[in-house]
Amino acid sequence: TFVGDAPSCGDPGIGSCCTAQTTPFCDDATCCNQICAADAFCCDTIWDQVCANAAIAGCTNCQVAPPVNDECAAAINLPLGVTAFSTLGATGTTVACLKFGNTNVYNDLWYVHTATGNSTITISLCGSLFDTKIAAFEDSCTGALVACNDDALAPAACAGTLQSELVFTAVCGKTYYISIGSFSATGFGSGTANVTQLGTCAPPCPTDFNGDHVTNFLDLAIILNGWGTPYPDLNGDGNVANQDLAIFLNGWGLCP
């Protein structure tokens, strides 16, 4: 039920000030008037995510419980593939990523990722619904800054937007702590983190059994000592035999 012929601040049922909606105004008169005085768009056109973010930051009735990974000590796993996230209720600020004169990653969430190969890793926030920022640290919450990004660069799909994409060379098996948040102190929102990486943790030279980066007589002794056993099986049939020896000899010499 609206007051008069059109909705206005404080009308019941019009929608919470704390969430985005497709109509203007929201149901808390005090909060609604406060936000609309600063941004008339919220009452003239639509109560969008920017309006909701301002309400979350400035209205006492919009206090949202912090996400479980609000603090770095409670970082959760960020696997390969797509992970949905929402920073609503996030409270922390990480000071590490200098972009456009601002070192802060505001209202951030924390994730931990273990590299699956020795190659470039990409963590894309393309498609997120707010002005994002992202930073990666080596080994711990307070480890060395590996890389950070505010606005994605080409060839990212969202290059030229306010969304972030982080690209860096990872070390197989190394742990990276990822801070995902906003460029703005009043910025909150949702999106997805898409993690991709090529390569594996397999040794670059599978015939180098002793790890000295060359396939030679030392490795030959190992394969001969394993003859008829499961190690070092090279063709995957569970038994060291003539086929494995042929593969081994083809790998003779320095590892690539």
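Trainee: Is W252 buried or exposed, and why?

Mentor: Buried means under 20% relative accessible area, exposed over 50%, and partly exposed in between, with a 1.4 Å probe and protein chains only. W252 has a relative accessible area of 38%, so the residue is partly exposed. This is a predicted model, in which local features need pLDDT of at least 70 and side-chain atom pairs count only at pLDDT 80 or more, while totals for chains, interfaces and linings use all residues. Residues are numbered from 1 along each chain as its sequence is written, and side-chain values use heavy atoms, with hydrogens and water left out.

Trainee: How is a pair of aromatic rings described?

Mentor: A pair of aromatic rings is described by the distance of the centres and the angle of the planes. Rings of Phe, Tyr and Trp (its six-membered ring) pair if their centres lie within 6.5 Å; planes under 30 degrees apart count as stacked, over 60 as edge-to-face and the rest as tilted. The whole structure holds eight aromatic pairs. In one of them, the ring centres of F85 and F130 are 6.3 Å apart and the planes stand at 70 degrees, so this pair is edge-to-face.

Trainee: Are F85 and F130 buried or exposed?

Mentor: F85 counts as buried at 5% relative accessibility, and F130 is buried with a relative accessible area of 8%.

Trainee: Which aromatic pair does W252 form with F217?

Mentor: F217 and W252 form an edge-to-face pair, 5.0 Å centre to centre with 80 degrees between the planes. F217 counts as exposed, at 62% relative accessibility. Both residues belong to one aromatic cluster, together with F209, Y231 and F248.
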